[in-house]
Amino acid sequence: MSVGDTVYAHRYRYVYIEGEAESIAKARVELDEIIHEGKRCLDNYIEELASRIPKSEKMEIPGSFISRIIGKRGAKINRIRKISGAKICIPNGVKAGETTATDRISGDPG
């Protein structure tokens, strides 16, 4: 079953409604409201969980900037890490004369 863009993988069970046609229709409306409210709650929960998943990004920078980014004894890169709260990984072995280096930046999006 799907509502909007969300697909729900549930094990379905049947509910039997007995009574006059009008009573059955009213009961069906009430049951549908409960189901849709439950799905909205589930969507919100999934969205909240997804927002907590750490994200990462690759950033290409000129190799000649590596020493400037790292700074003396790592002072600049550590300052950026502290201010941003992100993890910044610069691969070992990148030399200042190389044309580019790839950094990986990751952190909590919240």
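**Group meeting: salt bridges, surface and fold of a predicted chain**

Good morning. I begin with a pair of charged side chains: E22 and K26 form a salt bridge, with 3.4 Å between the closest N and O atoms. I should say at once that the model before you is predicted.

Where do E22 and K26 sit with respect to each other? They are four residues apart in helix 1, which spans residues 21–52, and so about one helical turn separates them. Both E22 and K26 are exposed.

How many salt bridges does a search of the whole structure find? The search finds two. The other pair to consider is R40 and E37, whose side chains meet in a salt bridge at 2.9 Å, N to O. R40 and E37 also belong to helix 1; because they are three residues apart there, about one helical turn lies between them. As for their surroundings, R40 has 46% relative accessibility and therefore counts as partly exposed. E37, at 38% relative accessibility, likewise counts as partly exposed.

Let me now place helix 1 within the chain. The chain contains three helices and five strands. In sequence order, the pattern reads β-β-α-β-α-α-β-β. Of the contacts in the chain with a separation of 6 or more, 57% are between residues 24 or more positions apart.

How confident is the prediction? The mean pLDDT of the chain is 79, and 77% of the residues reach 70 or more. Which elements have the lowest and the highest mean pLDDT? Strand 1, residues 2–3, has the lowest mean value among the elements, at 46. Helix 3, residues 75–84, has the highest, at 91. I would ask you to keep the value for strand 1 in mind when you look at the start of the chain.

I turn next to the surface. The chain exposes about 9,500 Å², and carbon and sulfur atoms supply 55% of that area. Which residues form a nonpolar patch on the surface? They are V15, L31 and I34, which together have about 290 Å² of accessible area. V15 is located in the loop between strand 2, residues 6–7, and helix 1. With a relative accessibility of 60%, V15 counts as exposed, since the threshold for that class is over 50%.

What of the interior? Buried residues account for 13% of the 110 residues in the chain. One residue to examine is I66, which belongs to helix 2, residues 66–70. Is I66 buried or exposed? Its relative accessible area is 7%, and I66 is therefore buried, the limit being under 20%. I66 and I77 are 11 residues apart in sequence, and their C-alpha atoms are 9.9 Å apart in space.

Finally, the cysteines. A disulfide is a covalent bond between the sulfur atoms of two cysteines. How many disulfides does the structure hold? The number is zero. Two cysteines may be described by their accessibility. C41, at 42% relative accessibility, counts as partly exposed. C89 has a relative accessible area of 33% and is also partly exposed.

To close, I return to the charged pairs. The salt bridge of E22 with K26 joins two exposed residues, while R40 and E37 meet at 2.9 Å. In the structure above, please look also at the patch of V15, L31 and I34, and at the buried residue I66. Thank you for your attention.

Terms used
Residues are numbered from 1 along each chain as its sequence is written. This is a predicted model: local features need pLDDT of at least 70, side-chain atom pairs count only at pLDDT 80 or more; totals for chains, interfaces and linings use all residues. Side-chain values use heavy atoms; hydrogens and water are left out. Helices (H or I, at least four residues) and strands (E, at least two) are DSSP runs, numbered from the N terminus. Buried means under 20% relative accessible area, exposed over 50%, partly exposed in between (1.4 Å probe, protein chains only). Contact means heavy atoms within 4.5 Å. Accessible areas come from the Shrake-Rupley method with a 1.4 Å probe; for residues, only the protein chains shown count as cover. pLDDT is the predictor's confidence in each residue, from 0 to 100. A salt bridge is a side-chain nitrogen of Lys or Arg within 4 Å of a carboxyl oxygen of Asp or Glu. Patches are made of residues with over 30% relative accessible area and no salt bridge: like charges are joined within 9 Å, nonpolar side chains (Val, Leu, Ile, Met, Phe, Trp, Tyr) within 5 Å. A disulfide is a pair of cysteine sulfur atoms within 2.5 Å.
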